[in-house]
Structure formats: C-alpha cells, structure tokens
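Biologist: I should be grateful for a close look at a single part of this model, namely the place where one chain meets the other. Please set out what each side contributes and which contacts are found there.

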Amino acid sequence: MAQTKLQVTKAKEGEEIIACDKVNKWFGSLHVLKDVSLSVTKGEVVVILGPSGSGKSTFIRTINALEEIQKGQIHIDGINLSHDVKNIEAIRRETGMVFQQFNLFPHMTILKNITLAPIWVRKKPKAEAEKEAFELLERVGIPEQAHKYPGQLSGGQQQRVAIARALAMQPEIMLFDEPTSALDPEMIKEVLDVMKELARSGITMLVVTHEMGFAREVADRIVLFDEGEIIETGTPTELFDNPQHERTKLFLSQIL
Amino acid sequence: MSSSLKPEESVKQTLEPPKSTLGINGWLKKNLFNSFFNSILTVVSVLVIYFILKGSITWVFTTAQWAVVTENYRLFMVGQYTIDQLWRVWTCLGFVSLLFGLSAGIWKGTIRNLSIVLMLLYLVHTIVPFVSSTGKMWLAINIAIILAGYFIGPRLPKSKAITLVGWFISFPLIIFLLNGFGVFSPVKTNIWGGLLLTLLISVVAILGSFPIGILLALGRTSKLPIIKYFCITYIEIIRGIPLITVFFMAQIMIPLFLPEGFEINNVIRVMIGATLFTAAYMAENVRGGLQSLQRGQFEAAKAIGLNPVHSMAFIIMPQALRAVIPAIVGQSISMFKDTTLVAIVGLIDLLGIAQTVKANPEFLGRHMEVYVFIALVYWVIAYSMSYSSRRLEKSLGVGER
C-alpha cells in the first residue's frame, strides 16, 4: 500500500518541500546534530528511527525552529529558515507539530484549543473555524468531546485533539515528535490509526517514533539516526529486510 | 470509547457509601476527646477561649466609650473633605454601588456575595443613630441603586460590555469628581482623608502595579540583556528598600526631577511611589507563575503559529496568573494595609485620622476604641479581598488537572 501511494503522490506533486543541508547543532559543547542532510518531497511520509539521545527529536524540532541551528541551511517550501522572525512565523504556519506530551492548553476547551490559531493567525471567522474544528474532531473520532477541557480526556483522546489542533492550520507538513511514547499501551492504536489515515490523505509527514509496525506499514522512507548523524535511509523493505550498515543491524536487532 | 472490561453478569448495582453513625457524643469523642492528652488540650483551649471572649465582650459593651468613633465618624470616612461638597463623594459611592449591582446581576457568584456585604454595611449605617439624616438618605439611595442594578443588569442589552466599560472609567471619573478640576469648586487633595484616601491610594497602587509588574516580569525573563538587567536592577533595588523610604523619596525627590513651576501634589506622589513599589513585588509573583508553566506550553503556542503577543495573551498569562492568584491577592492585601505608612509622610489616611482624633483632649485616653475600630475596618476590606481570591481560584480551576 505504501508503494502505490508513493507513486500517486510522486506523479502529482513530487517536488521538494523540506530541504536540510548540512545541519549542525550544539548543546553547549555537545555536538547533537552533525551535518544532517535530508530532502523530503511533498506528500512523502518519512519515519525517523534511532536510539534515544541520537538527536532525532532535536532534528525534527529544528524544522519548525523550536531549536535553533548553528550551521547549515533549512528550506521549507522554498522559505529559508533563518533567524528572520517573519520567515520563522511563515514556516510555523506551514507546519503542524504533535508533541510527546500533547501540550494542549489546559485552560481552554477542546474547541477553543483547536480554533485559537485559525481565528487569530489565519483570521478566520469564528463560526467557520468552529465548523472546521468539528469536522476535524469527527475525523479524529471524538466529536462529542468538543466542550470538555483537556484534563477530562484520556491520553489517547488528548493526542488526537493535538493532531486536530495542528491540522486546523491546514499545514503542508505535519511533524510528529514521538506521539505515542507517553501513552498507555491500549491507547497507542487509536492514535496510530489517525496517523495512518492522515498518511493516506497525502499530507507530508515527518514522524519520530519507536513504533516499528507503523514505520513498516506507512513510511515511504525510513531514516535511521545515531549519534547525531543519519546512518542509513531507505524504504521500509530495504531497511528492515536488508540493512546495509552495521549500526542499523545492531539497532534493529535490539528492537525487533 | 466505553470499553468496560467487566463481563455482563458481574455488573452490580452501585452501593451507597455507608452512612456516618456518629452521634453528637460520637463526634465529640472522635474529635475532641479521643485521647488523654487531647482531652486536656480541649479543656485548656476552651478555658482560654472563654476568658478571651469574656474579656473582649465585657470591654466592648461596658468599658469602651465609643463616642470617640461615633462623633468623628465623618472624619474617619472622608477626612476633612469640604462638607458642602460631600455630595460628590456620595455620587462616587453611588456609581460604585451601581457597578457592583450590575456586576452582581450579570455574573452572580462572588461579586453578588460582595454586593450583599456592601448592602448590609449600608443597611447597618442607616440604622445606627450617629449617621446624619442626609447620610441616611444617601445610603438608602445606594441600597436602591444596588438592587436596581442587580435586577436591571441582566436585562440590559450589551450589559457586560457596558459594565466593564463602567469599571474601566470609574476610577478617572471618581478622581475627576472628587477633585473638581475646574468644573466643580476644587477640593484640594491635601484635605482628602480617612478611608476615602486609604481606598484611593490602595486601588491605584494595586491596579497600577499589575500591568507594570507583568511587564517587569516579562522583561526579567527577556533575552535582550539591557531590558533584562534593567528589570532585575529595578526589582532588586525596590525589594531591598522599605516602603517608608519610597514614600519619603516620593515626597522629596520627585519634585526635584520636575521642571520649574510644575507641581504634582503630595497625594499623587504617594500614589506613584506605592505603585512603583508594589510593581516590583507583583513582578516577582508573575515571574513565579511563568516559571510554573511547562516549556511545552510555550512550544505548542509557537508551533501553531501564534505570535509572541497572542501567545502571551491567550496561553501564557492566563495560566501564569491563575497559578499565582493567592500571591497576587496577598500582595494586594499587604499593600492595602501598608498604605497606613502614608500617615508618616503627612497624609491623613484612616490611620492618620486615628492619630489626630486620639490627640483631641476631648477624647483623651480613648485610643483603644479608635484602634479597634480602624482594625475592624481594615479587616472587613482585607477579608473581602481574600474571600474573593479564594472564590476566584475555585471558579478558574475549571478543567485543570
């Protein structure tokens, strides 16, 4: 299924949407990203794997400038991610992000959480934003929770709201930073199902995860990180069934 | 998502929790006499409370001579405000009553309880003999205004907007009315006094320090070094000096900075001093609130594309301020009580009046009554504030955790 989808999007859009060129980042004297270069085409689903502390979360957070980079270039949809505040805000409007800890706004209802950015950033009329919010809640399967507060929802439901909130800005790219790592096992599936549906809809996705099943089923391409470097990239079949690099083999043997 | 793991047949009717079977004796035994030492403690406490109450009540009703309070009542309330201009103070009070009434009708809850307390205070004053008949008339009008506001408020179109605007303009309006500013005959601020002055200074200090405090707190967490160190210096200097020195400096130093011939009167100077002083403490309270927020909240706000102003206004501040309501109200209460220090720099606030009154040979040696009375006044207001704060915390706690 992943294969057919790849062909469809490539035929239709295919042009480069994320271009990272020799990205470097240090935390103090710790070199966390070393010459990371990655190109993602529109509609592609890229899953980033790697052991903890390998820099994969830091990398995905550089894409919407939550982490500053010290060397290298990142272009999102042609916009240069520099220190220019205008560019950063433009890029953040194009990208949605889902966090490990959901990060919903606890003092607002679910509906307010979702409609806040469309109303204030996209300047949509309230009624229209709410109508779209209900459609999104429908899409992630929890329309009946709109008027509750995040604290009243289960972890899985909160993460699905977080996905809806990110989608409400109609982003070109969705970034997922370990979206299921903080969830109880029985809730992981409901979130993954939503993400699979998203992947099928053709949106560009960058997913940091430890869910191998998800990676194998949904990813167009898998990127393996270790110690701040990209070790290997390839389709799920290539990477899982025929890994080239020693460190990839080691990582897979520890996980599978 | 109703996934219950229970099989059908095991679903039982939910049981009520067992009723408490303690009677009065049981309650006494459980709470007061559950051990030998607790029984002794209970007996001793009861004795102590008995003697304190007996002493106070005897003093209040037999020994104390309240004439010193009742005959100077107007002084305590408004100081030496010109008597034939008192209608202006009453009008201000009427306006505040109207706002209380409207808000009580619209929002119910805490503000309604506060309005009821206000009305009871008015009512008590209409009954006591020492209030003049004009005063009683005005008080009756005020009661009527609160009631009218309460019942009309919810029916008014755009009532919320009108009431909020009313609160917003109330302060400048009151200052305008009290001072006159050329429209009415001027009443110089140096004869404003008593509770009126105390309230004015505290309200200015509390409301004014709030925005300044927020800005200072944000400045202190700023990445720009000049702003950051300016705020740190300001906060640490102010927190390091006593309020009374700030008042003295305000009285003596502010005139030095002003151009020749330009004069700010002493009440305004004290208000500026109190505001700047409280702002430093507010800043630290707000900063505490900012630190209690998880980093994820800032990141999520950025990630959905909000600009810094929106993210502050909708995400950060509402949560940060909610977290420190008790501290902010505590600061406000302490500012309210600290306004008593203005008596030292020559303003005659409630405490200043007390000093004057007890110096009057006619009431020689009656200082106890005076201080008990003003303590009661301070307590009623301070307790109203802390009560509102508790209610506010509860009502804002919706959906948290």
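Modeller: The account that follows is confined to the interface of chain B and chain A.

The model is predicted, so local features require pLDDT of at least 70 and side-chain atom pairs pLDDT 80 or more, whereas totals for chains, interfaces and linings use all residues. Residues are numbered from 1 along each chain as its sequence is written, chains are lettered from A and ligands numbered from 1 in the order written, and side-chain values use heavy atoms, without hydrogens or water.

Chain A gives 27 residues to the contact and chain B gives 23, contact being heavy atoms within 4.5 Å. Together the chains bury about 2,200 Å², 63% of it on carbon and sulfur atoms; this is the accessible area (1.4 Å probe) lost on putting the two parts together, summed over both.

The rule finds one salt bridge across the interface, that is, a side-chain nitrogen of Lys or Arg within 4 Å of a carboxyl oxygen of Asp or Glu. The partners are R61(A) and E299(B), with their closest N and O atoms 2.6 Å apart.

On the chain B side, the elements giving two or more residues are α14 (295–303) and α15 (308–323), both helices (DSSP runs of H or I, at least four residues). The largest share, eight residues, comes from α14(B). By class, this side has eleven nonpolar, seven polar and five charged residues, with Asp, Glu, Lys and Arg as charged, Ala, Val, Leu, Ile, Met, Phe, Trp, Tyr, Cys and Pro as nonpolar, and the others, Gly among them, as polar.
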